[in-house]
Amino acid sequence: MRPEQKVFKKFTQNAKTLAIAESCTGGLIGDRLTNVPGASAFFLLGITAYDNKAKSKILGVPSALVKKHGAVSKQVVRAMAQGVRKILKTDYGLGVTGIAGPGGFTKNKPVGLVFIALSSGPETIVKKFLFKGTRLAIKQKAGQAALKMLAM
């Protein structure tokens, strides 16, 4: 069973809802979820907040947080997951941010660095990944990792 099918089963059986804020994955997670018939039963919102202004204005990520830690950070992805969850008051919020390359990297933040956050209730879990490969491969690996987190 594919991860998106496991997510569908988990969320529908438990009557839980989900909202997603994607950055580096560019909507791939939402695309995969909506390929499962009936996903609208749990998947309420998907936002591709690629620009920092969108992260702040739509998701409520404090611009000071972005300035201090950078858009690709555990602090910002946590705020993304919590912010998207608040928009429609879903049970879960997922946030993904990273550097897919080939540019945009620094010494401390290499290409392939991805943070994924899952927020539910008072708890937000953040995981850090370092993927290898092309831009598309990194995006796909990040999407796969996010779906696996949701399916757990």
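## Starting at an exposed turn: A15

A15 sits out in the open: its relative accessible area is 64%, which makes this residue exposed because the cut-off is over 50%. You'll find A15 in the loop between α1 and β1. Its backbone is a bit unusual too, since A15 has a positive phi of about 50° without being a glycine. To see what's odd about that, keep in mind that most residues other than glycine have a negative phi. One thing to know before going on: this is a predicted model.

K89 tells a similar story. This residue belongs to the loop between α5 and β3, and its phi is positive as well, about 55°, although K89 is not a glycine. Is K89 buried or exposed? At 71% relative accessibility, K89 counts as exposed.

## The overall build

Zooming out, the protein has six helices and five strands. Walk along from the N terminus and the elements come in the order α-β-α-β-α-α-α-β-β-β-α. The C-alpha trace spans about 45 × 30 × 20 Å along its principal axes.

How does the radius of gyration fit a compact globule? For 152 residues, such a globule would come out near 15 Å, and the protein has 14 Å, so the two agree. Of those 152 residues, 47% count as buried. Contacts also reach far along the chain: among those with a separation of 6 or more, 61% join residues 24 or more positions apart.

## Two nonpolar cores

The largest nonpolar core has 25 residues, and L18, L33 and L94 have the most contacts inside it. Two or more residues each come from α1 (3-13), β1 (18-22), α2 (28-34), β3 (92-98), β4 (113-120) and α6 (135-151). Which element gives the largest share? That's α6, with seven residues.

Take L18 as an example of how this core is put together. Leaving out neighbours within four places in sequence, L18 is in contact with ten residues you can look up in the model, including F11, L33, F42, Y92, L94 and L150. There's also a second, separate core of 14 residues, and A21, A49, A71 and A79 are among its members.

## Two buried glycines in β3

Strand β3 holds G93 and also G95. G93 counts as buried because its relative accessibility is 0%, and G95 is buried at 0% too.

What does each one touch, setting aside residues up to four places away in sequence? For G93, the list is A19, A81, V84, R85, A117, L118 and S119. For G95, the contacts are A21, V77, M80, A81, F115, I116 and A117. Several of these partners sit in helix α5 (residues 74-88), where V76, V77, A79, M80, A81, G83, V84 and R85 are buried. As for distances, G95 and V126 are 31 residues apart along the chain, with 9.1 Å between their C-alpha atoms.

## A cis bond and the surface

Most peptide bonds are trans. The one joining G101 and P102 is cis, with omega about 0°. P102 lies in the loop between β3 and β4.

Finally, the outside. The protein exposes about 7,800 Å², and carbon and sulfur atoms supply 56% of that area. It carries 25 positive and 6 negative charges, whose mean positions are 8 Å apart.

Key
Residues numbered from 1 in each chain as written. Predicted model: local features only at pLDDT ≥ 70, side-chain atom pairs only at ≥ 80, totals over all residues. Heavy atoms only, no water. Core = buried A, V, L, I, M, F, W, Y, C linked by side-chain atoms within 4.5 Å. Buried < 20%, exposed > 50% of the residue type's maximum accessible area, 1.4 Å probe, protein only. Helix = DSSP H or I, 4+ residues; strand = E, 2+ residues; numbered from the N terminus. Contact = heavy atoms within 4.5 Å. Rg over C-alpha atoms; globule rule 2.2 N^0.38 Å. Areas by Shrake-Rupley, 256 points an atom, 1.4 Å probe, with all protein chains shown as cover. Lys, Arg positive; Asp, Glu negative; His and termini not counted. Charge placed at Lys NZ, Arg CZ, Asp CG, Glu CD.
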